Structure formats: structure tokens, C-alpha cells
Amino acid sequence: MTRLSVNINKIATLRNARGGNNPDVIKSALDCERFGAQGITVHPRPDERHIRYDDVIELKKVITTEFNIEGYPDDRYMELVKRVKPAQATLVPDGPHVLTSNAGWDTLAHEAFLKEITKELHEAGVRVSIFVDPDSKMVENAAKIGADRVELYTESYATKYVENKENAILPFKKAAEAASKSGLGLNAGHDLDLDNLAYLAKEIPELDEVSIGHALICDALYLGLENTIQMYLKQLKI
Ligand SMILES: CC(=O)[C@@H](O)[C@H](O)COP(=O)(O)O
Ligand SMILES: NCC(=O)COP(=O)(O)O
């Protein structure tokens, strides 16, 4: 069954808005776990506009489910991940000033760089997932690089789902097949929500994990966090 990792970036966005500690990011992570989340995801960005590098260090001390740290593998990210040793590092090609993640890696063009980074993370005992668009060539080359998993960037699925879900899922099914043939584990994320999640999980049963933040935290404002996590988990039961 597909596991749900809750991305808590947006809780930190809210906290940072007032400069205090409300909502408490650490408590929120523990509550997500208590309510059934099977992992916690964070994506510290260089400007620390939501999750701060210090949050990541504190979170690691208390989290008991899988900890996933996403980010561009610059020196600061690598130092943090090697120190914290999460279950998984998800490598994302974001420039420092992007509003949010907006593309997957070109694993051919950046093969040598990603190979070196993957090797360093493996030496630190961290599982490596590479964020890619649903493109079989990019997936296959992630396997050549030595990654353990790929995370499929689902923004295009979420956008197209509204018009035509059968078309929206097609490239993702092909990419999932390429991952499976290449011996890679499979994650997915970005803009997944209560409308589009169940269909993704049903059509791609080999999906190991989804990481969901923005929509889940927005829904939680209306529905309450415990109730929201139960509803997401229900979407994953196929
Ligand atoms: C890697 C990815 O898919 C992103 O969704 C990211 O984790 C979210 O980052 P922000 O919370 O900064 O938009
Ligand atoms: N890897 C995707 C993620 O962590 C959350 O993306 P989103 O749900 O905030 O779009």
C-alpha cells in the first residue's frame, strides 16, 4: 500500500508569519504521526521562508516515522542531510528563488553531478530519491545514477486531471513502468489532493509513497488535521 508522508512546510509558513512558535512545527509533526501519517517531509529552502535548517535538526530528534528531506543538493543541504541522516533525501533541481518546485531533474544532463551526490548520501546511509518529470528516459537514467527511487513530479497530473483523468495519468503509468523495470522504488508528489489522489493510487499500485503538503494543510484548516489525515489514508486504500 502507498504510504503517506505529510509535508509540514506550510505549518512553518504560518508559524513564521508572526515570528513566534505558533503553530509549533515539532508538535504538529508528532500530531501528524499520531493521526496516522507514515512519514514527515520537509523542504528547507535557502531563504528559510518556511522550514528552517534548525527545525530539521530538532525534528530528527523526535520523529519516529520516515523522515524525508527534500531540496537542491548544495553544500548547505548536503551538510544538513549528512548530519541529520534522514531515511530519505529527495533531490530537487530548484533554483534558490523559485516560488515552489516547478520541474524534475534532467538526469542525463546532470548525470555526473547526481552520481557524485548520490554516492555521498549513500555513504551517509541515506536513501536517495530523484525528483523527475514523468519521462521514462529520465527515470531510467536515475537508475543508472544509482538512485534508490524516483519521485514523479505530479503537477501536470493534478492540472490535467480536472479535464481528463485518463489522459492525465498516461505518462505517469509509463514512467512507473520504467521505474519498476529499472528496479527503482516509486514516490510521487506535488499538488496531490483529496480529488486526484485515489485515482493515482488506484492506477499506479506500485507507488511506494506520496508526499503531500499544500492541499492537506489547507484542507486541515477546514476539516481538522486528524480528520484530514484519515481521509487521505482512505483515498490510498484500494
Ligand atoms: C519537491 C516538491 O514537489 C515540492 O512540492 C516541495 O516539496 C514543496 O515545496 P514548497 O512547500 O516550498 O512549495
Ligand atoms: N514532494 C511533494 C511534497 O512534498 C508536497 O508537495 P505539495 O503537496 O505541497 O504540492
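1. A good place to start in this predicted model is Val132. Setting aside residues within four places in sequence, Val132 is in contact with Gly104, Trp105 and Thr107, with Met138, Val139 and Ala142, and with Val150, Leu152 and Tyr153.

2. Val132 also belongs to the largest nonpolar core, which has 64 residues. Together with Ile130 and Val150, Val132 is listed among those with the most contacts inside that core. If you wonder which element gives the most to this core, look at α8, with seven residues.

3. Next, please turn to helix α6. Its buried residues are Met138, Val139, Asn141, Ala142 and Ile145. Viewed down the axis of α6, these fall within an arc of 165°, so they line one face of the helix. The cover over them includes α5, β5, β6 (149–153) and α8. After α6 comes Gly146, and the phi of Gly146 is positive, near 110°.

4. Helix α5 makes a nice companion to that view. It runs over residues 111–123, 13 residues in total, and its first and last C-alpha atoms are 18 Å apart, close to the 18 Å expected at 1.5 Å a residue. Just after α5, Gly125 has a positive phi of about 80°.

5. Which residues of α5 are buried? They are Leu114, Ile117, Thr118 and Leu121. These four sit on the same side of α5, because they cover an arc of only 100° around the axis. Among the elements covering them are α4 (75–84), β4 (88–91), β5 (127–132) and α6 (136–145). On the other side of α5 you will find Ala112, Glu116, Lys119 and Glu123, which are exposed.

6. Ser182 deserves a quick look too. You can find Ser182 in the loop between α8 (165–181) and β7 (185–189). It counts as partly exposed because it has 16 C-beta neighbours inside 10 Å. Not counting residues up to four places away in sequence, Ser182 touches Val139, Glu140 and Ala143. Leu108 lies 74 residues from Ser182 along the chain, and their C-alpha atoms are separated by 15 Å.

7. Finally, have a look at ligand 1. Which residues are around ligand 1? They are Asn7, Asn9, His43, Arg45, Glu70 and Val92, together with Thr100, Ser101, Phe131, Gly189, His190 and Gly213. Sorted by class, this shell has eight polar, two nonpolar and two charged residues.

Terms used: Residues numbered from 1 in each chain as written. Chains lettered and ligands numbered in written order. Predicted model: local features only at pLDDT ≥ 70, side-chain atom pairs only at ≥ 80, totals over all residues. Near = placed C-beta within 6 Å. Nonpolar A, V, L, I, M, F, W, Y, C, P; charged D, E, K, R; others polar. Helix = DSSP H or I, 4+ residues; strand = E, 2+ residues; numbered from the N terminus. Expected span 1.5 Å × (residues − 1). Buried ≥ 20, exposed ≤ 12 C-beta atoms within 10 Å, placed from the backbone. Arc of directions from axis to C-beta. Contact = placed C-beta atoms within 7 Å. Core = buried A, V, L, I, M, F, W, Y, C linked by C-beta atoms within 7 Å.
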